[in-house]
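Here are some short exercises to work through with the coordinates open beside you. Try each task before you read its solution.

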Amino acid sequence: LAQKYDPQKEAELRTWIESVTGQQIGPDFQKGLKDGVILCELMNRLQPNSVRKINRSAQNWHQLENLSNFIKAMASYGMNPVDLFEANDLFESGNMTQVQVSLLALAGMAKTKGMQSGVDIGVKYSEKQQRNFDEAKMKAGQCVIGLQMGTNKCASQSGMTAYGTRRHLYDPKNQILPPMDHSTISLQMGTNKCASQVGMTAPGTRRHIYDAKMGTEKCDNSSMSLQMGSNQGANQSGQVFGLGRQIYDPKYCPQGSQGEVANTACDQSGDPPMYQYYREEEES
């Protein structure tokens, strides 16, 4: 609080109080106002008879009484309670910053009430402007939405086209014709000037697989690279449809050459000797 005390404001308050009261405070600002005599004289000049009794005794309780009367006079003068100081703040120099704030507020209140002095000090208080509206005006104001809810005063549909209207894409770099109306949009919206269906085949058309390594000829623009995959090496060799598949297990099959295995199977089954040539070849 002591660091917030402004010596320049003290000099201005000293000049203002001395000009209004006509009395000298002295070199020490706190000791000159400690007894409360000059402050009570100040309030009687601002508001006559606000302090009816001024004690000029040197006793402490008389001086504290003067300060208390001065504080009460400031409250009746119209000062805000938060701007007032306590008697001990000035008498014991407990809070001279609050004393300075109170005196500055008192100077501003005096300026607001039209007190003329040779020193321009204090801030003038704002004046209250009371407005009285009739009942019809108050009811009409209930239909008004404040700007805290937003506003549509500056909104419009200027430049907007009807729904379904074609929008012209304009790009000066591609030598496209300049826009004819406000429906033109810039390339920030995108463009379809370079788009086409060249090279696209009809739905269901076979696509030719092209591979330069295998010497496949490239027929047309519909050929696809191997990035799409290839079926050049695929065939159905060895695949059977609807036939049973023989499962081979060496544990259950006889050992020997292929001819012996075939002849043994033929003798055991009693089937026609269709594999007899294996035995004849071995005997010969």
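The expected span of a helix is 1.5 Å times one less than its number of residues. Helices (H or I, at least four residues) and strands (E, at least two) are DSSP runs, numbered from the N terminus. This is a predicted model, in which local features need pLDDT of at least 70 and side-chain atom pairs count only at pLDDT 80 or more, while totals for chains, interfaces and linings use all residues. Residues are numbered from 1 along each chain as its sequence is written, and side-chain values use heavy atoms, with hydrogens and water left out.

**Exercise 1. Helix length**

Compare the expected span of H1 with the distance between its end C-alpha atoms.

Solution. Step one: H1 covers residues 7-21. Step two: its 15 residues, at 1.5 Å a residue, should span 21 Å. Step three: the end C-alpha atoms of H1 are 21 Å apart, so the two values agree.

**Exercise 2. H1 against H6**

Describe how H1 packs on H6, and sort the residues of their contact by class.

Solution. Start with the geometry. Two packed helices are described by the angle between their axes and the distance between the axes. Axes are lines fitted to C-alpha atoms, for helices over the stretch in contact, and angles run from 0 to 180 degrees between N-to-C directions. H1 and H6 (residues 96-112) pack at about 50°, and their axes lie 11 Å apart. That makes H1 oblique to H6, since angles under 35 degrees count as roughly parallel, over 145 as roughly antiparallel, 65 to 115 as roughly perpendicular and the rest as oblique.

Next, the contact (heavy atoms within 4.5 Å). From H1 come Lys9, Glu10, Leu13, Trp16 and Ile17, which meet Gln100, Leu103, Leu104, Leu106, Ala107 and Ala110 of H6. Their classes are eight nonpolar, one polar and two charged. Here Ala, Val, Leu, Ile, Met, Phe, Trp, Tyr, Cys and Pro count as nonpolar, Asp, Glu, Lys and Arg as charged, and the others, Gly among them, as polar.

**Exercise 3. H3 against H6**

Repeat the analysis for H3 and H6.

Solution. First, the angle is about 15° and the axes are 12 Å apart. H3 and H6 are therefore roughly parallel to each other. Then list the contact: Leu39, Leu42, Met43 and Leu46 of H3 with Leu103, Leu106 and Ala110 of H6. By class, that gives seven nonpolar, no polar and no charged residues.

**Exercise 4. What covers H1?**

Find the buried residues of H1 and name helices that cover them.

Solution. Buried means under 20% relative accessible area, exposed over 50%, and partly exposed in between (1.4 Å probe, protein chains only). By that rule, Glu10, Leu13, Arg14, Trp16, Ile17, Glu18, Val20 and Thr21 of H1 are buried. Their cover includes H2 (29-33), H3 (37-46) and H6.

**Exercise 5. Positive phi**

Place Asn49 and Ser93, and give the phi of Asn49 and of Ser93.

Solution. Begin with the background: most residues other than glycine have a negative phi. Asn49, in the loop between H3 and H4 (60-77), has a positive phi near 60°. Asn49 counts as exposed because its relative accessibility is 59%. Ser93, in the loop between H5 (87-91) and H6, has a positive phi near 55°. Ser93 is partly exposed, at 38% relative accessible area.
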